[in-house]
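Biologist: I've got a new model open on my screen and I'd like to talk it through. Mind if I fire some questions at you?

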Amino acid sequence: MVRVTKVDLSPRPVEAMSPRQLERREGLIAAALALVNEIGVERLQMKQVCERSGVALGTAYRYFSSKDHLLAAAIAEWHRLLLADLVAELRGPRAGLGATDRAVRFVRGGMRAYQRQPELARLRVAVAASTDPFASEALQGMARADSAALQALMGEVPAAASDLVRHIVGHAWQGELTAWVTGRTTLGDARRRLEDVVRLVLTPYETPYPAPYEVRSTV
């Protein structure tokens, strides 16, 4: 009887990659993002990404299990950099901004970034439906990055409510982005609804300004 050895075809974990391997992985991601912007997610093929990046097709599958995995990792990386820019801007010297205003400006800036690169908005919506477990893992990482960014902007929200507030805002953002990409709403309406959700869930946690001191006459 011939015993068949099961071969593990899982992509190499990022934390186990050498600097050269990380460089190849980053090249594949950069090529994928460029091609999505040029030809759209539907027409993109792994072969094109490999030709653009200079990585052999067989080698590419050592880094990504499928096209869905590559695309999910690509949009997660682009989104991570977007979040870092938004948080850095909103945590700068902006006097008078409470948690609600910071979060509103955060999601507004995010929606505008996707408006400037609509193919990446379509990419984010497309990969959300993937059944590839490695793609799902990349998308879960993107959701965690959203949550961490919101946490950095919502210091006033009590810890007991913070998880739920971030969950609501994150899902509202994904939902409105999907509605816009799929043509069920306009970008303007999607952005207004998203900002309304942010205000609805965050305003109760705003610290009210003290009432002006009232000077009473003693005469």
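**Around Arg12**

Modeller: Sure, and keep in mind that this is a predicted model. Let me start with Arg12: setting aside neighbours within four places in sequence, Arg12 is in contact with Met17, Gln21 and Arg62.

Biologist: Is Arg12 buried, partly exposed or exposed?

Modeller: Arg12 sits in the segment before H1. Buried would need under 20% relative accessible area, and exposed over 50%. Arg12 comes out at 41%, so it counts as partly exposed.

Biologist: How far apart in space are Arg12 and Phe64, C-alpha to C-alpha?

Modeller: Along the chain, Arg12 and Phe64 are 52 residues apart. In space, their C-alpha atoms are separated by 8.1 Å.

Biologist: What does UniProt list for residues 45-64?

Modeller: That span is 60% helix and 0% strand, and its end C-alpha atoms lie 13 Å apart. The label comes from an unreviewed UniProt entry, and such annotations may be inferred rather than shown by experiment. For residues 45-64 the entry lists "DNA-binding region".

**Into the core**

Biologist: Which helix gives the largest share of the largest nonpolar core?

Modeller: That core has 63 residues, and those with the most contacts inside it are Leu28, Phe106, Tyr114 and Leu123. Helices supplying at least two residues each include H1 (19-39), H4 (67-90) and H5 (99-116). The largest share, 13 residues, comes from H4.

Biologist: Which tryptophans is Tyr114 in contact with?

Modeller: Tyr114 is one of the buried residues of H5. Leaving out neighbours within four places in sequence, its contacts include Ile75, His79 and Leu82, along with Leu120 and Arg124. The tryptophans on that list are Trp78, Trp173 and Trp180.

**Helix H5 and its cover**

Biologist: What is the span of H5 from its first C-alpha to its last?

Modeller: H5 has 18 residues. At 1.5 Å a residue you'd expect 26 Å, and the model is close to that. The span is 26 Å.

Biologist: Which helices are included in what covers the buried residues of H5?

Modeller: Among the buried residues of H5 are Ala99, Arg102, Val104, Phe106 and Met111. Their cover includes H4, H6, H7, H8 and H9.

Biologist: At roughly what angle do the axes of H5 and H7 cross?

Modeller: Ala99, Arg102 and Phe106 in H5 meet Ala149, Leu150 and Leu153 in H7. The residues of this contact divide into five nonpolar, no polar and one charged. The two axes come within 9 Å, and they cross at roughly 145°.

Conventions. Residues numbered from 1 in each chain as written. Predicted model: local features only at pLDDT ≥ 70, side-chain atom pairs only at ≥ 80, totals over all residues. Heavy atoms only, no water. Core = buried A, V, L, I, M, F, W, Y, C linked by side-chain atoms within 4.5 Å. Buried < 20%, exposed > 50% of the residue type's maximum accessible area, 1.4 Å probe, protein only. Helix = DSSP H or I, 4+ residues; strand = E, 2+ residues; numbered from the N terminus. Contact = heavy atoms within 4.5 Å. Expected span 1.5 Å × (residues − 1). Axes fitted to C-alpha atoms, helices over the stretch in contact; angles between N-to-C directions. Nonpolar A, V, L, I, M, F, W, Y, C, P; charged D, E, K, R; others polar.
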